[in-house]
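Thank you all for coming; I would like to walk you slowly through one structure this morning. Please have a look at the sequence and the model first, and then we will take the parts in turn.

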Amino acid sequence: MDIDGNSPPFFQQLNGPSPSVQTPLPSTILPPLNDDADALNLRHLLSVARRRIFVFAGVSIAVACGVLVKVLTQTPIYEGNFRLLVEPIKGQNNLEQLNQTLTQNIGKGENLDYETQIEVLLSNPVINPIFNNIQQNHPDFEPSEFTKNLNIRRLKLTKILDIRYQDTDAEKIKTVLKQLASGYIHYSEMEQQTTLRQGLEFVETQLPRLQQRVDTLQEYLEEFRQHYNLIDPEQSGQILSQQIGSLVKERQETESQLVQAQALYGKLRGQLGLELEQAMLASSLSEAPRYQDLLNRFHEIEAKLARESTRFTVQSPAMQALIDERNSLLPLLQEEALLVLGPNVSQVRGDIRGLSTPNSLRSDLTGKLIETVNLIEMTRARQWAIAQGETIVQQQMQEQATLMRQYTDLQRELELGTESLNRFLAVRENLQIESAQKAMPWQLISQPEVGPNPISPNLPRSLLLGVIAGLMAGIWAALLAEKLDTKFHSVADIKDYIGFPILGTIPFEKDLKENLTVSDGENLVQSSGGYLFSRFFEAFRSLHADLYFMSPDRPLKSIVISSTLPAEGKTTISIKLAEAASAMGNRVLLVDADLRRPQIDRRMDLPNVWGLSNLISTDSLNAQDSIQQSALNQNLYVLTAGQMPPDPARLLSSQRMKQLIEEFKTSFDLVIFDTPPLGAISDAKFLAPHTDGLVMVIGMGKSDRAILREVFDGLKMSRTPILGLVANGVKQYLPTSYNYYERYYAPDETRVHSQ
């Protein structure tokens, strides 16, 4: 179709030359696919319920009906019961009392093991006699059936046992319960008597041994006290403690006296200037009369010599006579000192006459020194004696402690033996009294009875369970069907799985030929005085707006539209998007780049004599001769696919195709390339890198998740720019805002009626 002559030049550059620096488009890095898109949430469940309503309903009804049929055909089962008050048996109680008494736990309560007691009641020795009595009335009764249907349990923390039996025959249940009640009561009576007898036998065997042990301990304790003379061991220990305290006190006083005497001795020795031996010798000489007479005579001669020396010289006869007399007295003094002192005379140092000269002060000091020495010696002797006494008392204390320990052990063993003997005597007396009294068996507090209504099947409960089971099975079947379904059914599924921006959501339209089209590029077709609202066409306007505002500084000039599989609506999206963009006043070129299966010429009722394949392969062919203007909108131009080439991929990847893309972007506001699906054909990959990006169409109920993953993996490897996704064929797509638009654009009489 020739271009209208009144239209502007075909390859007119509308926006002027492209600047050297352009604002980059939004990032086209592919986000990771979300494999957890099937996570259960309320929105997902509602969506699954809508899609799988027939699966859900069918499975639910089938399961519920199956449960109902099973309940209605099931044989009724009845249940009866009776209750026993299980007081601890008297004999058993006394055995427990015996054990508690021996372990000093009297009065701490009973220790009846109910679990063990129940097992005993279910054991063969107890059950077999009861079963034999029942089998007389029911010969076909089996032991396995009897034990299987019998149930015994304790009622919470009480002393009551609840015995229950189930069967299809209510009369058989009554017979079984009566036999069980009488059998268990008889068991309690027999068990009581047996236990009492065993208790008495045990006590009688233990009493002689305990009596002999007590007698032996008493004899040994008596011998022990006689051997060690222990009248009162505690009093003896107190006496020894007092003795050791007195000795310690006396030792401390003696040590104090010794210190004082030693200090006095040192002082007296300093005053005398003599050692003790010399002072004692001098005292002995001063008390010898003959020695003192000779000494006095000697001193008289010495005095005369002193007097005569003033008148006479030494050579004078008078002086010589006195000197001779004095010298004669010296041997006599020496002999007398030897007689008095004996061998100790050799210990006297210096002039013995000066030491033995009578002097009252010296004599007193000498006497005090001797007394002090004697006091020191006495104190030391006393100190030694006290130390010896302490040692003896300490030994006695140690011996007393050992004896006390032995005595205490013997006394404790005797007390324990006596106490055990007394307890056994008391228990024997109680057992004898109990055996003489009438035994108290278990009490039947609830008579055997059978419920009038069967416990199984419970029709209301079974119906409720059937409904619940049907619902659960339906939900499980719906979720399983959803899990096995690899198709997308909602925009939420796409978002959860891909995580890529959704550029547009196209609602499902049964007959696209009835859709509204643009009349003049600006207004919608009017009906009854108002705009005829079309959700389908408004979805494409919204898609065009999203693409336009992706980068306001650099509007999109060219895009490639493709899908993963055929029949997902990529061609329809391309056509309707081109119509929506041209209706907004943009010069739009729609290029059918699907050289393998072109559809745009057929959809738009255009001839396909010369098209894209011819334009690429023939250098002499002018683009103006191949591009056709749409009859619906003067701003919409179409380039059909042309003749099918032998190798479409080679043509689309040629240098000529790149030049054509640049020419198209220069002459048109928006160029839309409709390309084959990417699931098996890679033609779109050759075009997308030379355009502003790729728009993927996801068909609801058609696009496969596995194939989509493969396609996105390939796009990621080839670094193909992706602008976003378009969800096509969304059913039940009716946003809330569209309700208001439909009411607003409805005819006047319709709005009045709705109000």
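Before anything else, a definition that we will need twice: a residue is called exposed if its relative accessible area is over 50%, and buried if that value is under 20%. Please also keep in mind that what you see is a predicted model.

With that in hand, let us begin with Ala 567, which sits in the loop between strand 8 (558-563) and helix 17 (570-583). Ala 567 is not a glycine, and yet its phi is positive, at about 65°. Is Ala 567 buried or exposed? Its relative accessible area is 58%, which is over 50%, so Ala 567 counts as exposed.

Lys 156 is another non-glycine residue with a positive phi, here of about 50°, and its place is the loop between strand 2 and strand 3. Lys 156 has a relative accessible area of 78%, and therefore it is exposed.

That loop brings us to the sheet, which is open and has 4 strands in the order 2-3-1-4, with antiparallel pairing. At its edges lie strand 2 (150-154) and strand 4 (443-450), each of which pairs on one side only, and from one strand to the next the twist averages 15°. Helix 4 (residues 114-121) packs on this sheet, where it touches strand 2 and strand 3, and its direction makes about 160° with that of strand 2.

Finally, if we look at how strand 2 meets strand 3 (residues 160-167), we find antiparallel pairing over 5 bridges, and Arg 153 has Asp 162, in strand 3, as its bridge partner.

Key:
Residues are numbered from 1 along each chain as its sequence is written. This is a predicted model: local features need pLDDT of at least 70, side-chain atom pairs count only at pLDDT 80 or more; totals for chains, interfaces and linings use all residues. Side-chain values use heavy atoms; hydrogens and water are left out. Two strands pair if DSSP finds at least two bridges between them. Helices (H or I, at least four residues) and strands (E, at least two) are DSSP runs, numbered from the N terminus. Axes are lines fitted to C-alpha atoms, for helices over the stretch in contact, and angles run from 0 to 180 degrees between N-to-C directions. Contact means heavy atoms within 4.5 Å. Buried means under 20% relative accessible area, exposed over 50%, partly exposed in between (1.4 Å probe, protein chains only).
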